[in-house]
Amino acid sequence: MAWSLMRWSRLGTLSPSLGSSKRASRASVLGNGCVMTGRPNTRDVSPRDDGWAVTKPGADRASAVLPTQAAAVERAKEILANDGGGELRVRGRNGQVREQNTVPPGNDPKRSKG
């Protein structure tokens with residue numbers, strides 16, 4: 001049987017991994033044990049019937065539901081900052097992204113401020 005993937009071991013060295021799966025092909029385990037998926041850390045703020053929800057794309061439930069959009073944006077910024085930074089997307093009542101910001105220490109792909 002051939003070795004199909006390489007993965008990071010707990011000690012930070014590459015070791016072969018048997019089999020393949022979508023998750024294994026997109027994720028790498030760093031030397032400190034953290035999993036790096038290759039996707040940015042993102043949170044969405046979107047309207048719901050009972051307020052404004054802070055969600056992670058692909059999650060089954062909201063991280064927080066707050067009565068106002070401003071409160072939901074602040075909570076999303078706190079969550080992202082505690083999780084190492086990332087992208088915050090604010091959606092309008094029509095569901096379209098109307099604002100997108102990078103929360104430090106996230107990596108902003110644009111060199112311009114704002």
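In which strand is Arg 43 found? The legends below start with the whole chain and then reach that residue.

**Figure 1. The whole chain, as a predicted model.** Two helices and nine strands make up the secondary structure of the protein. Read from the N terminus, the order of elements is β-β-α-β-β-β-β-β-α-β-β. Of the 114 residues in the protein, 25% are buried. If you take the contacts between residues at least 6 apart in sequence, 20% of them join residues at least 24 apart.

**Figure 2. Confidence along the chain.** The mean pLDDT of the protein is 74, with 58% of residues at 70 or more. For residues 16-27 the pLDDT is below 50, and this stretch has 25 contacts in the model beyond near neighbours in sequence. Residues 29-34 also have pLDDT below 50, with twelve contacts in the model beyond near neighbours in sequence. A friendly caution for anyone preparing a calculation: where pLDDT is low, the predicted coordinates should not be read in detail.

**Figure 3. The largest nonpolar core, with its twelve residues.** Its members are Val 45, Trp 52, Val 54, Ala 64, Ala 72, Val 73, Ala 76, Ile 79, Leu 80, Leu 88, Val 90 and Val 103. Strand E6 (51-55), helix H2 (69-82) and strand E8 (86-91) each give two or more residues to this core. H2 gives the most, with five residues. In soluble globular proteins, nonpolar side chains tend to be buried together.

**Figure 4. Trp 52 and the residues it touches.** Trp 52 is one of the core residues. Leaving aside residues up to four places away in sequence, Trp 52 touches Val 45, Ser 46 and Pro 47, then the run Ala 64, Val 65, Leu 66, Pro 67, Thr 68 and Gln 69. Ala 72, Arg 91 and Arg 93 complete the list of residues that Trp 52 touches.

**Figure 5. Helix H2 and its buried side.** The 14 residues of H2 should span 20 Å at 1.5 Å a residue, and the end C-alpha atoms are 20 Å apart, which agrees. Gln 69, Ala 72, Val 73, Ala 76, Ile 79 and Leu 80 are the buried residues in H2. They lie on the same side of H2 because they cover an arc of only 125 degrees around the axis. An α-helix has 3.6 residues a turn, so residues three or four places apart point the same way. The buried residues of H2 pack against E5, E6, strand E7 (64-66), E8 and strand E9 (97-103). On the face turned away from the buried side, look for the exposed residues Ala 70 and Asn 82. After H2 comes Gly 84, with a positive phi near 95 degrees.

**Figure 6. Arg 43 in its strand.** Here is the reply to the opening question: Arg 43 is found in strand E5, residues 42-48. Its relative accessibility is 6%, so Arg 43 counts as buried. The side chain of Arg 43 makes a polar contact with the side chain of Asn 41, at 2.9 Å. Beyond residues up to four places away in sequence, Arg 43 touches ten residues of the chain, including Ile 79, Leu 80, Asp 83, Glu 87 and Leu 88.

**Figure 7. Glu 87 in strand E8.** Glu 87 counts as buried because its relative accessibility is 12%. The side chain of Glu 87 makes a polar contact with the side chain of Thr 102, at 2.7 Å. Glu 87 and Asn 41 are 46 residues apart along the chain, yet their C-alpha atoms are separated by 6.2 Å.

Methods
Residues numbered from 1 in each chain as written. Predicted model: local features only at pLDDT ≥ 70, side-chain atom pairs only at ≥ 80, totals over all residues. Heavy atoms only, no water. Core = buried A, V, L, I, M, F, W, Y, C linked by side-chain atoms within 4.5 Å. Buried < 20%, exposed > 50% of the residue type's maximum accessible area, 1.4 Å probe, protein only. Helix = DSSP H or I, 4+ residues; strand = E, 2+ residues; numbered from the N terminus. Contact = heavy atoms within 4.5 Å. Polar contact = N/O pair within 3.5 Å; in protein donor to acceptor, adjacent residues only side chain to side chain. Expected span 1.5 Å × (residues − 1). Arc of directions from axis to C-beta. pLDDT = per-residue confidence, 0-100.
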